[in-house]
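Load the model in your viewer and follow the stops below in order. Each stop gives a selection to make and then says what is found there.

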Amino acid sequence: MRLLLTTFLFVAHGTALLAQWDTATVSTKDFVVGVDARGSLFHTGSEIRSEYPANSGKHMMNYAGLWMMGESGGTVFGAINTGEGQAECWPGPVDTITGLPTTGGSWNRVWNLTDQDVLQHRHSFNTAGYQPIEDIRDWPASHSTPNVNPILAPYIDWDLDGKYDPVQGDFPKLIGTTNAYFILNEGAGEHIVSGSPSMGIEVQGMAYTINSKALQNVVFVRYHLINRSSRNYSTFKAGLFLDFALGNANDNRIGTDVKNGFVYAYNGDLNDEGGYENQLPGAWAVFPKLTLDGSVGFSASDAVRAMPSTSEGLKNILSGKWSGGEPRTFGGKGYQTGEATNFLYSGSTDDQISGFWADSTSGDAPGTRNVLMIHNFNGLNSGEYVTLDVAIGVGLENGQPDAQRTQSVWTILNEFNVLGVDAISQNLGFRLYPNPVTAGEIITVDAGEDEIIQLQLTDFLGRVVWESGPDEKKMRKITIPCSDALPDGVYQMNMKTTSTISSHKVLIHRR
Ligand SMILES: [Ca+2]
Ligand SMILES: [Ca+2]
Ligand SMILES: [Ca+2]
């Protein structure tokens, strides 16, 4: 009896430990976003974290998570993430030999780094006694787990020896100003919501924010979806599921802009009681580099609009139908109305369909709202990967009549240059190419949005072999003739710009 009790306590304790997912936040000065080790966005564990403005205690989003579906040999495989407690993803990569997940304590992790952390590391790694901070030291670029792909997280191999070793100057390759990196599988547990068989997909994700004035209320995620199974998926579709809070979650509405490829949510009436009050909240999401191929929302009060609970239902949802197979149509609640459509509440933005259809003309009262954004990839073979980039933005506008609501969300979007795609590439910033460079050719240094204050090329002894002249200062892009008198070897390009000081390795070689 005593033994049984002890065992029971142990199991209970073990379960509680497993439920503690590692968490992190990415943030701008206005927007704080939680990420956990299951890839749940807008959560730190069970706590909602999508605070806007920062320190206001008010949240814009309840949840966002990835959906995937693949067909192989007539069988439908899939994994969906509909809430923090219902996620069908778990931390850890997939064994490349068996296709099975690798889990365990050391993979229950979100690696959380800022660009400043990495810059500081790069300035200090040569200093005696230097110890990299934990998430640089443990960056999962290299690891000792057998059968898992040896290189996982992206990094710059500063000493060019093919392995990640931060004390030799190697450093994580981040995308944004603040970054949260996670590695997931969808095979470590039961797919309790989708009822679909596991796919053998490994997800490597980086949530990030960009320190740019126009992007203070945007969070980005880049997902690499890697097929570690031995199956070729002839159909492969991915989705981003968004559950909106917008302060008080019980008075919201949603829509799709088909023309511009985004979904949005807005307060469905003129008072966000207990939330943003009369400063009405809005949110939007887009795949900045891919087409939006469909959008749909689920309603718990309606059998037709229920979430899929089988693989067949999942396939239906990702193929322009409701879970039970009812076609999705334009008008009303989206079934048994007008023409077939892949897009929910598209207003008058769909060129293929005449008429107007919005949440406000659906007959539904404002309430809780979610949206699934869908992209159809062109299949996914064994060993291949695809990349899904997403951007989610939030904002406040002052109360206006409902008819003008969509227009206001447009305005927010346009402010972001429909998605700040240009801003992203600019903020990704510095480029130096080609590298390696052949002696006698030209090196181009592009500082992105920044202006170059000083640029210097030094050899391995630290001797300056080239330096920018007065005419090249305050430029954003400089070309450097790489003298063919320079011996082959590794050089260092030291750059000072209006916002950073950095140095970059350049390899000069002969053909
Ligand atoms: Ca190295
Ligand atoms: Ca609301
Ligand atoms: Ca209200």
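**Stop 1: strand β17**

Select β17 and look at its two faces: Phe262, Tyr264 and Tyr266 on one side, and Val263, Ala265 and Asn267 on the other, are all buried, so that both faces are covered. This is a predicted model, and what follows describes that prediction. β17 covers residues 262-267, and six of its six residues are buried.

Now add the partners of β17. Strand β16 (residues 252-257) runs antiparallel to β17 and is joined to it by six bridges. Within this pair, Arg253 stands opposite Tyr266. The two strands form a hairpin with four residues between them. Select Gly261 in that turn; its phi is positive, about 70°.

Strand β18 (residues 281-286) also pairs with β17 in the antiparallel sense, here over five bridges. Pick Tyr264 and you will find Trp284 of β18 opposite.

**Stop 2: the nonpolar cores**

Which members of the largest nonpolar core touch the most other members? Select Ala207, Ala283 and Ala285: these hold that place among the 100 residues of the core. Stay with Ala283 and show its contacts. Leaving aside neighbours within four places in sequence, Ala283 is in contact with Met60, Met61, Phe244, Leu246, Tyr264, Ala265, Ile392, Gly393 and Val394. Apart from the largest core lies another, of 14 residues, including Val437, Val445, Leu457 and Cys482. In soluble globular proteins, nonpolar side chains tend to be buried together.

**Stop 3: the five-stranded sheet**

Select β7, β6, β15, β20 and β19. In that order the five strands form an open sheet with antiparallel pairing. The edges are β7 (75-80) and β19 (294-296); each has a single partner strand, so one side of each is left without a neighbour in the sheet. From one strand to the next the twist averages 20°.

Inside this sheet, look at β15 (residues 235-244) and β20 (residues 370-377), which pair in the antiparallel sense over eight bridges. Asp243 stands opposite Asn370 in β20.

**Stop 4: helix α2**

Move to α2, residues 115-124, and colour Asp115, Val118, His121 and Arg122, which are buried. Where do the buried residues of α2 fall when seen down its axis? They fall within an arc of 125°, so they line one face of the helix. To see what they pack against, add β9 (111-114), α3 (134-137) and β11 (171-172).

**Stop 5: backbone exceptions**

Most residues other than glycine have a negative phi, and most peptide bonds are trans. The next three selections depart from that pattern.

Begin with Pro53, in the loop between β5 (50-51) and β6 (61-72). The peptide bond from Tyr52 to Pro53 is cis, with omega near -10°.

Next select Phe42, in the loop between β2 (32-36) and β3 (43-44). Phe42 has a positive phi, near 75°. Is Phe42 buried or exposed? Phe42 counts as buried because it has 29 C-beta neighbours inside 10 Å, and the cut-off for a buried residue is 20 or more.

Finish at Gln336, in the loop between α4 (311-317) and β20. The phi of Gln336 is positive as well, near 55°. Gln336 is exposed, with 11 other C-beta atoms within 10 Å, where 12 or fewer is the cut-off.

Definitions and conventions. Residues numbered from 1 in each chain as written. Chains lettered and ligands numbered in written order. Predicted model: local features only at pLDDT ≥ 70, side-chain atom pairs only at ≥ 80, totals over all residues. Core = buried A, V, L, I, M, F, W, Y, C linked by C-beta atoms within 7 Å. Contact = placed C-beta atoms within 7 Å. Arc of directions from axis to C-beta. Pairing = 2+ DSSP bridges. Axes fitted to C-alpha atoms, helices over the stretch in contact; angles between N-to-C directions.
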